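Welcome! Here is a short tour of how the strands in this protein sit beside one another. Have the structure open as you read.

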Amino acid sequence: MQFIDQAEIEVEAGKGGDGIVAFRREKYVPAGGPSGGNGGRGGSVIFIAQENLQTLLDFRYNHLFKAENGGRGGPNNRTGANGKDLIIEVPCGTAVYDAETGALLGDLIQAGEKLRIAEGGKGGLGNQHFLSNRNRAPEYALPGLEGERKQLRLELKLLAEVGIIGLPNAGKSTLISSLSAARPKIADYPFTTLIPNLGVVRKPTGDGTVFADIPGLIEGAAEGAGLGHDFLRHIERTRVLLHLIDATSDDVIGDYNTIQQELQAYGRGLPERSQILALNKIDAVDSETVDLEALATQLNHLSYAPVFLISAVTRAGLEPMLQELWRILDELNASEQVEVLG
C-alpha cells in the first residue's frame, strides 16, 4: 500500500432545488390559488475520521467530490427532496486546510469525529410563498442557491505518542522492529525508510503505546532538503521525542546538533517537546578507542535530557530507556488531568 500523506481536492455541496410556479386545478374551484412548492436543500459535504484508514491514497486520483442537488419543488405545495449529504472518510489525524488561504478549517483526530466542510444551497421558494392580499396569483418563484465550493488541502499527521527521530541509518527501523511487531524494511544504507512506520509497544501494565519511526532527517530538512522534510509534520502530534544517534559515527556531537537545529528551524513546538537521547549500536563500538560514557555525559550537558546507551540489535539497554519513556508519559498524563480538573 502506498503511503500518501498530502492531497489537494475540490468539494462542492449540492445546489438547492428550484421553487416552481403552479396553481391549484380542482373541480369546482375555478380560481385556485398558487400551489408551487419550495425546492429541497442541497446536500452538504462532511468529513468523518475512521480508524481503519492509514493513508490519503483514495484522494490521489479522485480530486472532485460533489454532494447531491436538492429536488425541484412540486405542485400542491410539495417541497422537493433534500439532496443526500456526501460523507468522505479520512484517516484519524487528518488536518483540513483551505488551499487558497492556508487557513486550518478542521483537525480530525478522534475516530467518528465529523467536520461539515461545505454547506448545501437552500432551496428556492415556490410561488405559494409569495401569496398576499395584494398579490393573489404570483407567477414567479425563486431558483435554488448554489452550494459551497472549496479547494482543500488535506494533510495526514500520524498519531503517535513517541516519535523516533535521527539521521539516516541511525537504526530507527531496527529499534521499532525490536520494540514492537512492526517489520519495516531494514538495510545498511541511508534512507532505507521512505515512509513513516508505526509500531505498538506494550507497557508493563499491558497498555499499548504507539511509536512512530520517522524517515531520516538531514541538514536543511526544514527548508525542504532530503526525505525528512515531508515527514516533519508527523512529529507534531508526538508527545515525546526519542532522538536516536549512531554511536559509531565519526561526529556524534555534530549529528546531535544537526537534528536539534532542524527541530529549531521547523518550530511548531518541537524544540520544547519532551525528549530523551539514545546512543545506538554500542555493540559495534570499539570500547578501547571510544569512551561511550564520556560521550553520554557530553550529550547530557548539551541537551539536559537523559541519555541511554543501547543496541537495537542485541536489545541491550532498551529496558531502562523504556522505563524513562513510561515515566515521562505518565507525568504528561498526570499534568493534563490536573489542567482538565482545574
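I164 stands opposite L242 in strand 12. This pair belongs to a parallel pairing, in which four bridges join strand 9 (residues 162-165) to strand 12 (residues 240-246). Please keep in mind that the model is predicted.

Strand 9 has a second partner to look at: three bridges join it to strand 11 (residues 208-213), and these two strands run parallel. Here V162 stands opposite F211 in strand 11.

Strand 11 also pairs with strand 10, this time in the antiparallel sense and over six bridges. Within that pairing, T209 of strand 11 is the bridge partner of V201. Strand 10 and strand 11 form a hairpin, with five residues between them. In the turn you will find G206, whose phi is positive, at about 100°.

Now step back to the whole sheet. It is an open sheet of six strands with mixed pairing, in the order 10-11-9-12-13-14. Which strands stand at its edges? They are strand 10 (197-202) and strand 14 (307-309); each has a single partner strand, so one side of each is left without a neighbour in the sheet. On average, neighbouring strands of this sheet are turned by 25° against each other, direction ignored.

A helix joins the picture too. Helix 2 (residues 252-266) lies across strand 9, strand 12 and strand 13 (274-280), and runs at about 145° to strand 12.

There is another sheet to visit. This open sheet has three strands in the order 4-2-7, again with mixed pairing. Strand 4 (86-91) and strand 7 (114-118) are at the edges with a single partner strand each, so one side of each has no neighbour in the sheet. The average turn between neighbouring strands here is 30°, direction ignored. Strand 2 (residues 45-50) pairs with strand 4 in the parallel sense over six bridges, and F47 has I88 in strand 4 as its bridge partner.

Here are some of the pairings side by side:

| Strands | Sense | Bridges |
|---|---|---|
| strand 2 and strand 4 | parallel | six bridges |
| strand 9 and strand 12 | parallel | four bridges |
| strand 9 and strand 11 | parallel | three bridges |
| strand 10 and strand 11 | antiparallel | six bridges |

Finally, a word on confidence. The mean pLDDT of the protein is 85, and 87% of its residues reach 70 or more. Over residues 184-193, however, the pLDDT is below 50, and this stretch has 24 contacts in the model beyond near neighbours in sequence. Residues 224-229 also stay under 50, with 15 contacts beyond four places in sequence.

Key
Residues are numbered from 1 along each chain as its sequence is written. This is a predicted model: local features need pLDDT of at least 70, side-chain atom pairs count only at pLDDT 80 or more; totals for chains, interfaces and linings use all residues. Side-chain values use heavy atoms; hydrogens and water are left out. pLDDT is the predictor's confidence in each residue, from 0 to 100. Contact means heavy atoms within 4.5 Å. Two strands pair if DSSP finds at least two bridges between them. Axes are lines fitted to C-alpha atoms, for helices over the stretch in contact, and angles run from 0 to 180 degrees between N-to-C directions.
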